[in-house]
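Hi,

Here is the structure I promised to pass on. Have a look at it first, and my notes follow underneath.

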Amino acid sequence: MLEVFATYKNSLLFPDQVEGASADMPLDRFSFILDFLISCGYDCCVLTGNEVLRHPELNDFLLVAERKKMSIIIETSGFPNGKINEIASRHKIAIKWKIYHPTVYRQGQYEQLLGNLDIVTKRYKIFTEAVIVVHDLSLDYSFIADFIREQSVNNLYLDILCKAFDRRKEEQLNRLQKINSNFFVLIKQAFEEGIKTTIGCVNVPCGFSDSEFGALIKMGTMMKKCLPYPGVLPDLKVYHCRALINESERNLASFKNWEGLLEYFFKRYGEIQVKTLFFEQCESCLSRRAEVCFGGCLLLKTKSKR
Ligand code: SF4
């Protein structure tokens with residue numbers, strides 16, 4: 001599914017913020033993107049940005065999408081406070097709600113966020129996926145246990161940012177395995193509460209023990225592979241995935257269809273994807289041979305190659 005990165009404006013300095021100074025995406029470009037997707041047979045896209053709630057024409061974007069019968073998933077931090085509740089009361093949307101470690105928020109903001117999330121899921125019954133954004137592998141994420149117990153979200157998405165890793169590969173793997181065994185307990189808790197979890201593509205099967213990995217599969221936990229998850233910037237340039245957003249080059253208008261877009265990314269990054277290994281044990285790893293894993297995140301492999 002394409003994500004539309006409509007604005008660099010932000011609400012707070014969150015750890016996954018993207019640097020960029022260009023203007024907000026205008027309405028006619030958004031309309032063009034929707035037409036492109038419709039011509040490719042799609043009826044849904046993700047609308048995002050550093051904080052898409054700060055896009056001045058968000059309401060008009062949603063009206064255009066409604067006219068074209070496109071479903072919109074809004075990805076948001078939930079700030080400015082209360083704005084998403086206002087949007088949810090007016091439009092038929094789904095939400096990817098990003099939850100950061102509580103230390104990232106200013107005093108009282110995390111509690112505000114939980115209050116708003118409660119309104120959206122209980123009063124407006126909006127389909128909501130809580131995206132747990134992990135920017136530091138040394139932090140304690142046990143707060144998610146209370147979050148799962150108290151909130152009525154539909155899905156959980158575990159999103160470890162590339163910035164949580166550095167080049168000391170083996171040490172990072174140990175740290176990942178440690179934090180993943182805590183996440184495993186939380187994923188099990190979520191499963192028991194009827195919430196399915198998806199694990200983002202920066203995580204890797206070897207980040208879990210064999211027994212954990214087997215149990216994850218039994219619970220139907222989806223583990224995303226490192227593949228193109230394309231997005232488009234306000235100037236219509238496309239990127240492979242959020243991690244590689246700073247490497248956008250080509251304009252969406254130069255592609256005939258979705259297959260052409262994917263082919264471009266496979267050609268551009270294919271060699272690094274296949275030949276570069278992030279961890280030493282990737283060389284002989286069965287997950288890699290069976291294509292369950294392509295050997296870690298493309299951005300990390302690109303960086304370790306440089
Ligand atoms: S291919 Fe590499 S990153 Fe993927 S599971 Fe195997 S060892 Fe881990």
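Right after helix 1 comes glycine 41, and its phi is positive, near 90 degrees. (Helices here are DSSP runs of H or I with at least four residues, strands are runs of E with at least two, and both are numbered from the N terminus.) Before you go on, keep in mind that this is a predicted model: local features need pLDDT of at least 70, side-chain atom pairs count only at pLDDT 80 or more, and totals for chains, interfaces and linings use all residues. Residues are numbered from 1 along each chain as its sequence is written.

Now helix 1 itself. Its 13 residues, 27-39, should span 18 Å at 1.5 Å a residue, and the end C-alpha atoms are indeed 18 Å apart. (The expected span is 1.5 Å times one less than the number of residues.)

Which residues of helix 1 are buried? They are Phe30, Ile33, Leu34, Phe36 and Leu37. "Buried" means 20 or more other C-beta atoms within 10 Å of the residue's own, "exposed" means 12 or fewer, and "partly exposed" is in between, with C-beta atoms placed from the backbone. Looking down the axis of helix 1, you'd see the buried residues fall within an arc of 155 degrees, so they line one face. (That arc is taken over the directions from the helix axis to the C-beta atoms.) The face turned away from the buried side carries the exposed residues Asp28, Asp35 and Ser39.

Next, some backbone oddities. Most residues other than glycine have a negative phi, and most peptide bonds are trans. Lysine 69, though, has a positive phi near 60 degrees. Lysine 69 sits in the loop between helix 2 and strand 3, and is exposed because 9 other C-beta atoms lie within 10 Å. Leucine 236 also has a positive phi, near 75 degrees; its place is the loop between strand 9 and strand 10 (238-239). With 17 other C-beta atoms within 10 Å, leucine 236 counts as partly exposed. There's a cis peptide bond too, joining phenylalanine 79 and proline 80, with omega about 10 degrees. Proline 80 is in the loop between strand 3 (71-76) and helix 3 (83-90).

Last, the ligand. Of the 13 residues around the ligand, Cys206, Cys282, Cys285, Arg288 and Cys293 come nearest. (A residue is near a molecule if its C-beta atom, placed from the backbone, lies within 6 Å of it.)

Cheers
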